[in-house]
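Please open the model in your viewer and keep the sequence panel beside it, so that each stop of this tour can be selected in turn.

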Amino acid sequence: MKVGVVVFPGSNCDRDMYHVLTDVFNLDARYFWHEKSLPKNIDAVILPGGFSYGDRLRAGAIAAHSPIIKDIHKLAEKGIPILGVCNGFQILVESGLLPGVLLKNESLNFMCEWTNLIVENNKTPFTNQFKLHQKIPIPIANGEGKYYVDNDVLKQLKEKNQIVFRYSEIVNGSTDRIAGVCNKEGNVVGMMPHPERAVESEINPVDNKPSSLIFKSLLVKMGVSN
Amino acid sequence: MSLETHELSELKSKIGRNPTLTELQIVAAEWSEHCSYKSSKKHLKMLPMTGPLVINEKGYDSGVLDVGGGYVVTAHIESHNHPSAVEPFGGAATGVGGVIRDILSAGTRPIAIFDGLRFGNIEKDQQARWLFKNAVSGVAAYGNCLGIPTIGGEVEFDDCYQNYALVDVAAIGFGKKENLIKNHAKKGDIVVLLGGSTGRDGIGGSQFASDSLESEDRSAIQIPDPFIEKLIIEAVLEARNEKLIHAMKDLGGGGLSCAISETADALSVGIEMDVQKVHTRESDMHPDEIMVSESQERMLIITDKIKLKKLETICKKFHIECSVIGNVTSDNKMHVKKSKKTFANLPIDVVANATLLDLPSKKPEYLKTIENENKLKIISDYSKTLMKLLASPNIASKIWVYGQYDHEVGIRTVVKPGGDASVLRLDNGKFLSAKIDGNPKQCYINPREGAIGCFEEACRNVVCTGAKPIGMLDHLQFGNPKDPEIFWTFLESLKGLTDFAKDFKIPCVGGKVSLYNETPAGPIKPTPVIGVLGLIEKKPLIPQKISENDCLVIIGNTKDEMGGSEYFEYIHKFIGGKCPAVSFSESKKNMESVLVVIDKGLLKSVHDCSKGGFAVAVSELCMKNMIGCKISLETVPGEKLGVDRILFSESHSRYLLAFDKKNLKKLEDLLKKNKVSFKLIGQFGGDKIRFVSGTKPIIDLRVDKAQKTWLNSLRDLVLHG
C-alpha cells in the first residue's frame, strides 16, 4: 500500500512522518513535492506539519494554492484517506477541504507541550481502532492552533459527527475544545497534535500505544492488517 | 567603525600603496575584533582542541566529533549580543540563523538548538522585560520555523546586563562522516552565492559588535527570514548528497568580505569576484555596501562548471537564487570588480590575518576585598526564604521559555528540556546529551573558579543523564579588552577552562569570543558560557516518577562557598564572599561514580545541585514529581556548617540520587567502593518539602504551593510585571 507524504516549501515534519510510516509501520511511503502530481492509485495521503511558506499571510494560506492541492481535492472526492497534521491541517482548512479556521492560540504564543486528546469519532480511516472517548497522550507544537467555527457550523459538525478529537481540557481556546475534525464523508481528517511524535516509546514519556492506533487504523482500513 | 590609525599605516606598508575605499571597508570588517579575534587569538591556542573523537579539517566553522558507526556530530556556539540589545526579536532570530549555517557548512543537518539568554533585572526594569520577551519570541520564531528543536538553554538576570542583552545560541548537527564537506578548491572553480539577496541590512555589523554599545545603529542590525534559511538547508543538503560542493562557508559577520577572504585563506587560493553578479535587494547598492552587508541566509559555495548545472536545478526546485559571483584563482589575491573595473585587489593573507595583539592585563582592584563577607541579617523563617528563591527569576521554572520552543520536532528528543541536560537519540543507536551553562555572579567574584564551575556544571548536567562528556564549546563574553583589568579576567577564565579541559581530557571543539560587551553604565560581569556534549553508548537515564518511600542520597561535599550564590545576591542583596571552587579529583571521582550507578540501573532520577544550592535542588525533584520529602540536614556530608550554608551553598560536584529503597544496599556498596563522599539524607513521601536539623523543623513547605509558584512566577512577571 502506498502512502504519499506531501512536501511543501517549509514543511518540517515530513521526514518524521516518513520515518514513522516506513520504519515503525512498514508502509510504502513516498515523498511528493508540492509541484508534482499524485498518482491516481495512491492509497492514502498525509500532509505533515511545518511552516509552509514560513506561515506568511496565514498558516497554510499559500500552500493551499499549490499545484498538488488539485489532486488532493480529486482524491478526497474519491474517498481516499487524507490526514493533515498541524500545518497539514491548516492547509486542508485553507483549501476548503475541512471546515473552520485556525487562529492564534489564546496565549498568543507558540505552544509546545504534551496534552491529552479524547477520541470523539471512531469511524474515520484514522480512528477506527479506538474505543469511543479513548484518551491519547500526544504533543502539540503550534502558534496558530486555536480551532474556530461559529455556532451554526459547530451544530453541523456535531450533527454530522465531524468532531474527531477534543482536548481533554482547555489548551488554546479552541471552540468546544476541538483538536481535530473530518469532512462530512469522514475520509479527510485534520488534527493539530502530532501523532508522529508520539508512536515510539523512546520519545513518548507517557504511553505510545494510543497514538499508534491512528496509524493502525489506516492499516486496517486498507486491509493490510486487522 | 573603521581602521585605527596604526592599522591603516600597517595596511599601507603591507600592500605598498594607499588602499582604495572598498579595500578599507573590506579590511575594516575583517580586522574587526568580531571577525579577527585579534585580542584573544594568541591566548585561545592554550585550549586543548584535539582528542580521539575530534575531526579537524580546514575551513570548518563548527567542531566535528566522530560518534561511531560512520556518523559525526557537529557543534558550534555564537552570540548576537549587540543586535539583540537594540532589536531583541531580530537579533535573537538571526543569532539562531547564523549558528545553524555554521553547522550546515560542514555538510551536516542541524538537529538541535540551545539558547543562553541574559538580561537586566526583570523585576524592576521594564526594558529588560521587553528584551527578554522579544528575544524568546525571536528564538522561537526562527528555530520553530526551521523545524530544528530548541532543546535546552538557560536564562539569567543580573543588574550588570541593564540596557543590554546576551543572546548565545549553540547548535548541534548530525550526519554521515562520508558526507562531510572536504573543503578544497582549485584554479578555475566557480564561486557561487546562494540564498537570500544582499541588502542594506547589517552594514558594518561586525564593527558595530566590536565596540561598546552606545548608540542604536539600526542599519547594522540584520533582518531574519527563517523560511529562506529552511529552503537553503534542504537545497544544500540535496547538493551535498549529490556531491556538488567542493567548499562551503556561511556568510556571517563581515559578510562577503570575510567569507571570501577566509575561504580563500583556508584553502590557499585566490578569489576573483564581480559585485554586479551578486543578487541584491536594492538596485543601487555600492560595491562597498555589497561587500560588507551582513544580510542573512546566504551561503558561499565553491563548485565546478559541470556540477553548477545540477546545483542550479536544485536551487530552482526550491525557488532560491544562486548567483555565480566569481572564480577561484591561483594568485592568492582577493580581487573585487564591478564589471571590468577593479575596486579591491588585496593579498588574501593580509586581509584574513589581522595582526594579533598581546594586550596588557592586571588583576582588578575590586577582587582584593570581594571575598570578605558582610554580616547578614538573620533569617527567621527558612520556608519563606526557600519560597522566595523558588519564585525568583533565576531559579523559577523556565517553562514559559521552552514551552514556546518546538523541542520535539525531529523526533529525537528522548529527555525533554526542563531538567538537567536534554538527550537526543542518534541513528547509530547511541544518544547525545548536551547542556550550556554560565554563572556571571561567580565569575565576577573569581573569574578562574567561576569559569571552571560553569564547565563542571555543564559536565554534571550531562552526567545526570548517563552521558560521558566528549567535547566542550566555550563562549567567552567580556567587556572592553583594552582595559587591563577586564583582560585579566578574560585570561583567568581561559586558563581555568584550559586546566579543567586538559585534566578531564575534554577537548574544546568550538567556541567564540565576544568582547566590548559594555554600555555607558559599564562592562558586563565576565560571562563565559560553556556547552558540553556527552555521549551515551547504551541507554540514557530517563527520569522516572519518584514515589512514596523512595530514598535520596547526596554525593559530594557541601562547603562554605556562598559567593555569587542566589542566597547572597537575591535574598541578602550582597555581592561577595568565597566563590565555589571545583576540586578536580573530587569532581572526577563523583562523575565517574554517578555514571557507574546509572549504568547499573539503580536510579530513578539524578539531579545536580547548582543555583540555589541543595535546598532548591531537592525542591525541584519534589515539585517535578509532586511528592514531599523529609531531609536531615545534619547528615549532609561536608564540613560543619550553619543551616543557611547547608541549604544554599552552591558548592560544585554534588549530585542528588533518587532511587527505590530496595537498591540502597547495592548503591551504598558501589559508592563506598569508589570512595566518594556520600550520605543517605532522607526519603520521599507526603505532600510537604521538609528539612529538619536533628528534631528541629527548618523548612516545611507544601509541594503543590511550591510547584505553583515555581512554575508560574516567571510567566507572571513577564506578563504582568
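The tour below begins with one whole chain, passes to the place where two chains touch, and then visits several parts of the second chain.

**Chain A as a whole**

Keep in mind from the start that this is a predicted model. Select chain A and colour it by secondary structure, which comes to five helices and 11 strands. Turned along its principal axes, the C-alpha trace of chain A spans about 40 × 35 × 35 Å. A compact globule with 226 residues would have a radius of gyration near 17 Å, and the 16 Å of chain A agrees with this. Of the 226 residues in chain A, 58% are buried. Among the contacts in chain A with a separation of 6 or more, 75% are between residues 24 or more positions apart.

**Where chain A touches chain B**

Now show chain B as well, and look at the contact, in which 21 residues of chain A meet 23 residues of chain B. On the side of chain A that touches chain B, the elements that give two or more residues are helix 1 (14-24), strand 6 (111-119) and strand 7 (135-142) of chain A. Strand 6 of chain A gives the most to this side, with three residues. If you colour the residues of this side of chain A by character, you will find 10 nonpolar, six polar and five charged.

**An open sheet in chain B**

Hide chain A and select the five strands of chain B that form an open sheet in the order 1-2-5-3-4, with mixed pairing. Strand 1 (63-68) and strand 4 (150-157) of chain B stand at the edges with a single partner strand each, so one side of each has no neighbour in the sheet. On average, and with direction ignored, neighbouring strands of this sheet are turned by 15° against each other.

Within the sheet, select strand 3 (residues 109-119) and strand 5 (residues 166-176) of chain B, which pair in the antiparallel sense over nine bridges. A useful pair to label here is B:Asp115 and B:Val169, since the first stands opposite the second, which belongs to strand 5 of chain B.

Next, add the helices that lie on the sheet. Helix 7 (residues 126-146) of chain B packs on the sheet and touches strand 3, strand 4 and strand 5 of chain B, while its direction makes about 180° with that of strand 3 of chain B. Helix 6 (residues 88-105) of chain B lies across strand 2 (71-79), strand 3 and strand 5 of chain B, and runs at about 30° to strand 5 of chain B.

**From helix 6 to helix 9**

Keep helix 6 of chain B selected and add helix 9 (residues 226-241) of chain B; their axes come within 11 Å and cross at roughly 5°. Helix 6 and helix 9 of chain B are therefore roughly parallel to each other. To see the contact, show B:Ala93, B:Gly97, B:Ile100 and B:Leu104 of helix 6 of chain B together with B:Pro226, B:Glu229, B:Ile233 and B:Val236 of helix 9 of chain B. The residues of this contact divide into six nonpolar, one polar and one charged.

**Strand 21 and its partners**

Move along chain B to strand 21 (residues 551-555), which is mostly covered, with five of its five residues buried. Which residues of strand 21 of chain B point one way, and which the other way? B:Cys551, B:Val553 and B:Ile555 point one way and B:Leu552 and B:Ile554 the other, and all are buried.

Strand 21 of chain B pairs in the antiparallel sense with strand 24 (residues 655-659) of chain B over five bridges, and B:Ile554 stands opposite B:Leu656 in strand 24 of chain B. Five bridges also join strand 21 of chain B to strand 25 (residues 678-684) of chain B, running antiparallel, and here B:Ile555 stands opposite B:Phe678.

**Two residues with positive phi**

Most residues other than glycine have a negative phi. Select B:Tyr516, in the loop between strand 17 (508-514) and strand 18 (518-519) of chain B, whose phi is near 60°. With 24 C-beta neighbours inside 10 Å, B:Tyr516 counts as buried.

Finally, go to B:Lys675, in the loop between helix 23 (664-673) and strand 25 of chain B, which has a positive phi of about 55° although it is not a glycine. Is B:Lys675 buried or exposed? B:Lys675 counts as exposed, with 9 C-beta neighbours inside 10 Å.

Key
Residues are numbered from 1 along each chain as its sequence is written. Chains are lettered from A and ligands numbered from 1 in the order in which they are written. This is a predicted model: local features need pLDDT of at least 70, side-chain atom pairs count only at pLDDT 80 or more; totals for chains, interfaces and linings use all residues. A residue is buried if 20 or more other C-beta atoms lie within 10 Å of its own, exposed if 12 or fewer, and partly exposed in between; C-beta atoms are placed from the backbone. Helices (H or I, at least four residues) and strands (E, at least two) are DSSP runs, numbered from the N terminus. Two strands pair if DSSP finds at least two bridges between them. Two residues are in contact if their C-beta atoms, placed from the backbone, lie within 7 Å. Ala, Val, Leu, Ile, Met, Phe, Trp, Tyr, Cys and Pro count as nonpolar, Asp, Glu, Lys and Arg as charged, and the others, Gly among them, as polar. Axes are lines fitted to C-alpha atoms, for helices over the stretch in contact, and angles run from 0 to 180 degrees between N-to-C directions. Angles under 35 degrees count as roughly parallel, over 145 as roughly antiparallel, 65 to 115 as roughly perpendicular and the rest as oblique. The radius of gyration is taken over C-alpha atoms; the globule rule is 2.2 Å times the number of residues to the power 0.38.
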